[in-house]
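Visitor: Hello! I am new to reading protein structures. Could you walk me through this one?

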There are 2 protein chains.
Amino acid sequence: MSFYLLLSLFVTQVLAIWPLPSSMMMGEEVLFVDRTVNFIYNGAAQVALPQPEQMPFEQDLNLFISQQGNYGHHNTSSQKVISTAIKSTTQTLFEQNFVPWKFHPRHSDFEPAMNASCNYIKTVYLKQTEADPANVTKPLAGDVDESYSLSIATNGRATITASSSIGIAHGLTTFTQLFYKHSSGAAYTPYAPVNIKDAPKFQHRGLNMDVSRAWYAPADITRMIDALAYNKFNRLHLHITDAQSWPIEIPALPMLAEKGSYREGFTYSPQTMAYIQDYGASRGVEVILEIDMPGHTSSIAYSYPELIAAFNEKDWSTYAAEPPSGTLKLNSSGVTEFLDTLFEDLLPRVLPYSSYFHTGGDEVNVNAYNLDDTVRSNDTAILQPLMQAFVDRAHTKVRAAGLTPIAWEEMLLTWNLTLGSDVVIQTWQSDEAVAQTVSKGHKALVGNYNYWYLDCGHGQWLDFYPDASQAYYPYYDYCAPLHNWRMMYAYDPLEGVPANLTHLVLGGEVHIWSEQTDPVNVDRQVWPRACAAAEVLWSGAKDEHGQNRSQITASPRLSEMRERLVARGVGAEPIQMPFCTQNGTQCAL
Amino acid sequence: MSFYLLLSLFVTQVLAIWPLPSSMMMGEEVLFVDRTVNFIYNGAAQVALPQPEQMPFEQDLNLFISQQGNYGHHNTSSQKVISTAIKSTTQTLFEQNFVPWKFHPRHSDFEPAMNASCNYIKTVYLKQTEADPANVTKPLAGDVDESYSLSIATNGRATITASSSIGIAHGLTTFTQLFYKHSSGAAYTPYAPVNIKDAPKFQHRGLNMDVSRAWYAPADITRMIDALAYNKFNRLHLHITDAQSWPIEIPALPMLAEKGSYREGFTYSPQTMAYIQDYGASRGVEVILEIDMPGHTSSIAYSYPELIAAFNEKDWSTYAAEPPSGTLKLNSSGVTEFLDTLFEDLLPRVLPYSSYFHTGGDEVNVNAYNLDDTVRSNDTAILQPLMQAFVDRAHTKVRAAGLTPIAWEEMLLTWNLTLGSDVVIQTWQSDEAVAQTVSKGHKALVGNYNYWYLDCGHGQWLDFYPDASQAYYPYYDYCAPLHNWRMMYAYDPLEGVPANLTHLVLGGEVHIWSEQTDPVNVDRQVWPRACAAAEVLWSGAKDEHGQNRSQITASPRLSEMRERLVARGVGAEPIQMPFCTQNGTQCAL
């Protein structure tokens, strides 16, 4: 209790643990970390891996390929999780830390003296109390206990305890967030002693990143994984193909990427994919691949035009949500063979790194099947059984490969398909969709586009002809306005879900679509607003009184998290000016 | 006429001259530029200056200081304008150019063969037909003829003709926008022969950048100047002080920045200011300083608390538009002395680089004068004569220093002050404010916040207490939503202005305020949306038929300009995905 008292008396705003732990007690004593701090994991001293972070990306990728051999079919190990987390910890503490001047009154003497304490943190004890499950780096939701506890005594003894390696990694992430850079270059915490117990509210905490509409180099994706892990997200959903480009190489179907990519070299080879998947797995971020189908597939037409109906119709709005129109034909043996080949090639390369495969299924436009020579109808009575068979085949393939299917809500709620009880439904259109999904007994992911789509609000990307222009003024996009962090933070995944069904809400995802996003602005589009979702998913949308969490305490914490992201090389936007963060609650209403 | 025909037949979308020239004829022949291209200026061969661009910023700044001596009181010369423009031209052509794959069908063979032409551009002839006016780098609106003509013959002869050095510089900017990077590293144009005649519609084309609410290093400001010049903007208005911080050093009042800056070192010394001003002047971008008063001054209270009324009141919304509240006292001899000292110190350092000084005057809150011990009233009948005297004194000082005052619209339209006919009024609240300003015979700058404020739409930066939170949901900011480029492009500075008074509209400014902007995201907040305003101000909002300009032709041009900005190190956002720019008008409605 005395720690709580100290907290409220002395530490009013500088508490940058994001997302908020389940319980947290802090003091006000200063402790520096020794530059040669070592880590003892279940009694064994650990040496941080010399790679990958210190190497330029290309070297790192090449090293990975040479070590992993053909396509890198190797599970990521628990030991790699621990080693990677330790390496990241020392890098964050000593190379990517920040001086917190923005969180103290201007020109104040806020830094502790270098001799403020006789004690140093020289060792961090990592105690894993149970053996990891075999699938610790590629779990189904709930398979891994991500909880941890963390203590730092005023004598410098620091201990992280968890039942899994992932829990240890989360504890180390939290550990780094207790420390600031001293002007001298040292790292210190002003919060000793510290006692934290922590566990996530939701099991699936993800970002969906569209790497089809714009090209992202592998380094853009691994930078995103680093930022996700630092926010305790545990899933990166790669929306890796769409109508606009097909960047993933499928060796059995080489023309797909060769012709469907935006540009030569703008493709992800199997080796590159394994590198990205392993990069995520090593950081507790399971990479889930989505091949969206049957809609959003017209980039296949560059290589296999006979498989796509309604390709790139001039009157695209009749056939698709956006240009180019096009859909896999719905009653085509050619499509079946194509997908068999695709799945048999790709899914074995997914299995080492994930337990899921996302088969898409959003925004299927029935009119496209009027132009499908295997169907010639937009009558859902005709289309629905064909769609059922299409999805059944796909999900059978996914299961045969040892994976669990994920599908967009439309397959269940719009098309009324009968889906296996294992299928996870990704909702996006409304809170009602979540309630309907769980009421049908399915596991659901949330991510209502009215709140959690990060790309909204930048205006239309369509060009309007002069005749039509005035009618579309002032050119807002379909999900405008931009969803600010406060709004995202107020979104509760359990809104409207019956109490007896909340266990079916596995968690959710924020989404970054790439109509107007590419590597130049993706960091700013995602961060720090995605942090708001990270805290909702880790800590829950409501506080201990069942109320929405207070912006007054969250805001300075988020501003500090933003500085930590910037220090780690992520171009996160500011949310308040230094005047506000330097002055407690003076920017409040 | 044959050039026009060629244009319409063969060159459908790749025409990245931004802003659009007055007239333009292009062919379809390829010409490469020789890597050792030289420039002959009125018969004399030019050597591009070895600095400043190739040097790290700090070195460059130090060199400038050592060359300029005390405070750098030296006018920028015409020769420096020419030399800087040539240097920038070669750098843009050969080091900061881009391969235009995004503007050609995917995997198409769009690049010309290296031997596509026997002719090369080996010399660019720069012909200045008149001597520059003495104030060429610090003009009042209209003092400099910025027009130019540009021709490139198929035999490789390239000529830019203008009556001023600034016109030559604009011509060189346009010149670079005709060229692409070849995969071999060479630079080529596919558009020869070229004939362009060009002149600006408006004389004042600016960006207002708030460098008080957030700290921007000098290199952030010079990067902005480079981007402005590349868009043929000719003014950078630095809103250099505000309530939140006072970063500009005033040697006669050293405590101002020492205490009012956010952090030690986060100040602009006179030498640094001279460097920035000269950097702008050399590129045709006149740097105009604003010391906003009497409101927006509470950062003075950190050093001179006796001069500020209503400083940082807890109930700030009663006294100011945003925290912290505070205003210079309105009837105080101390304030008069302070401002005399300030003006006498600062204005002589403005004079070498600008003909303007902006005295602010926006958002004065009358309630603050209830707490002003020299007034003790919020009655405008009492306040108005005092405000008249306050502004008269300030403007007298500005004029005595050889400068022309600029003031925000409120001084004229809200306070009904009698202002000298020389005073330029900066409007921001409405189109009506422009019409009212010119109807009173004043010169006006436009920049309606509903269209041309670049910071809008990112949500509230105020924190809401739990009790108030629901009432403010979904937390939009006062000028939401974000103003997209299409909307900004449709804004006409002459909207509602009587035809006989349009000559009083000097031009306008886009604005980037820094409540939620800092160096990490400023590029994305400003670019490429500010380009839309650049074209409105340079080319006019209407086309040759008096209609709004077409998005269909502007959009691919703007996408290409965006790529040019990115190649030059400016983190401009994308506005369309490559699918759209690769495919002509397929993303149009």
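Guide: Happy to! Let's begin with a definition: a disulfide is a pair of cysteine sulfur atoms within 2.5 Å. Please keep in mind that this is a predicted model.

Visitor: How many disulfides does the structure hold over all chains?

Guide: A disulfide is a covalent bond between the sulfur atoms of two cysteines. Counted over all chains, the number of disulfides is four.

Visitor: What is the handedness of the link between Cys456(A) and Cys479(A)?

Guide: The two sulfurs of Cys456(A) and Cys479(A) are 2.1 Å apart, and a disulfide joins them. The angle about their S-S bond is -100 degrees. The link of Cys456(A) and Cys479(A) is left-handed.

Visitor: Where do Cys456(A) and Cys479(A) sit in the chain, and how many residues apart are they?

Guide: The disulfide of Cys456(A) and Cys479(A) has an S to S distance of 2.1 Å. The pair links distant parts of the chain: Cys456(A) is in the loop between helix H13 (449-452) and H14 of chain A, while Cys479(A) is in the loop between H14 and H15 of chain A. Both Cys456(A) and Cys479(A) are buried. Along the sequence, their separation is 23 residues.

Visitor: Which cysteine is joined to Cys580(A), and what is the S to S distance?

Guide: Cys580(A) is buried, and so is its partner, Cys587(A). With -80 degrees about the S-S bond, their link is left-handed. The disulfide joins Cys580(A) to Cys587(A), with an S to S distance of 2.2 Å.

Visitor: Why is the disulfide of Cys580(B) and Cys587(B) called left-handed?

Guide: In chain B, a disulfide joins Cys580(B) to Cys587(B), with 2.1 Å from S to S. Cys580(B) is buried, at a relative accessible area of 2%, and Cys587(B) counts as buried at 2% too. The disulfide is left-handed because the torsion about the S-S bond of Cys580(B) and Cys587(B) is about -80 degrees.

Visitor: Which pattern do the disulfides of chain A follow?

Guide: Count the bonded cysteines along the chain, and the disulfides of chain A give 1-2, 3-4. Cys531(A) is in no disulfide, and the nearest cysteine sulfur, that of Cys456(A), is 18 Å away. So the pattern to note for the bonded cysteines of chain A is 1-2, 3-4.

Visitor: Is Cys531(B) buried or exposed?

Guide: Cys531(B) is in no disulfide either, with the nearest cysteine sulfur, that of Cys456(B), 18 Å away. Buried means under 20% relative accessible area. Cys531(B) has a relative accessible area of 0%, so Cys531(B) is buried.

Visitor: Let's turn to the backbone. What is the phi of Tyr475(A)?

Guide: Most residues other than glycine have a negative phi. Tyr475(A) is in the loop between helix H14 (466-472) and helix H15 (485-489) of chain A, and counts as buried at 3% relative accessibility. Although Tyr475(A) is not a glycine, its phi is positive, at about 65 degrees.

Visitor: Asn42(B) also caught my eye. Is Asn42(B) buried or partly exposed?

Guide: Asn42(B) has a positive phi of about 50 degrees although it is not a glycine. Its place is in the loop between strand S1 (23-41) and strand S2 (44-46) of chain B. At 46% relative accessibility, Asn42(B) counts as partly exposed.

Visitor: Which residue does a cis peptide bond join to Pro323(B)?

Guide: Most peptide bonds are trans. Here the bond is cis, with omega about -5 degrees. The partner is found in the loop between helix H8 (316-319) and strand S12 (327-328) of chain B. The residue joined to Pro323(B) is Pro324(B).

Visitor: What is omega for the peptide bond from Ala480(B) to Pro481(B)?

Guide: Pro481(B) is found in the loop between helix H14 (466-472) and helix H15 (485-489) of chain B. The bond from Ala480(B) to Pro481(B) is cis, with omega near -5 degrees.

Visitor: How many Å apart in space are Ala227(B) and Asp523(B), C-alpha to C-alpha?

Guide: Ala227(B) is in helix H5 (residues 218-230) of chain B and is buried, with a relative accessible area of 0%. Among the residues that Ala227(B) touches are Trp527(B) and Leu565(B). Ala227(B) and Asp523(B) are 296 residues apart in sequence, yet their C-alpha to C-alpha distance is 9.4 Å.

Visitor: Which residue has its backbone oxygen 2.7 Å from a polar atom of the side chain of Thr581(A)?

Guide: Thr581(A) is found in helix H19 (residues 578-581) of chain A. At 3% relative accessibility, Thr581(A) counts as buried. The backbone oxygen 2.7 Å from that side-chain polar atom belongs to Lys102(A).

How values were computed: Residues are numbered from 1 along each chain as its sequence is written. Chains are lettered from A and ligands numbered from 1 in the order in which they are written. This is a predicted model: local features need pLDDT of at least 70, side-chain atom pairs count only at pLDDT 80 or more; totals for chains, interfaces and linings use all residues. Side-chain values use heavy atoms; hydrogens and water are left out. Helices (H or I, at least four residues) and strands (E, at least two) are DSSP runs, numbered from the N terminus. Buried means under 20% relative accessible area, exposed over 50%, partly exposed in between (1.4 Å probe, protein chains only). A polar contact is a pair of N or O atoms within 3.5 Å; within protein, one must be able to donate a hydrogen and the other to accept it, and residues adjacent in sequence count only if both atoms are side-chain atoms. Contact means heavy atoms within 4.5 Å. Lists of a residue's contacts leave out its neighbours within four places in sequence.
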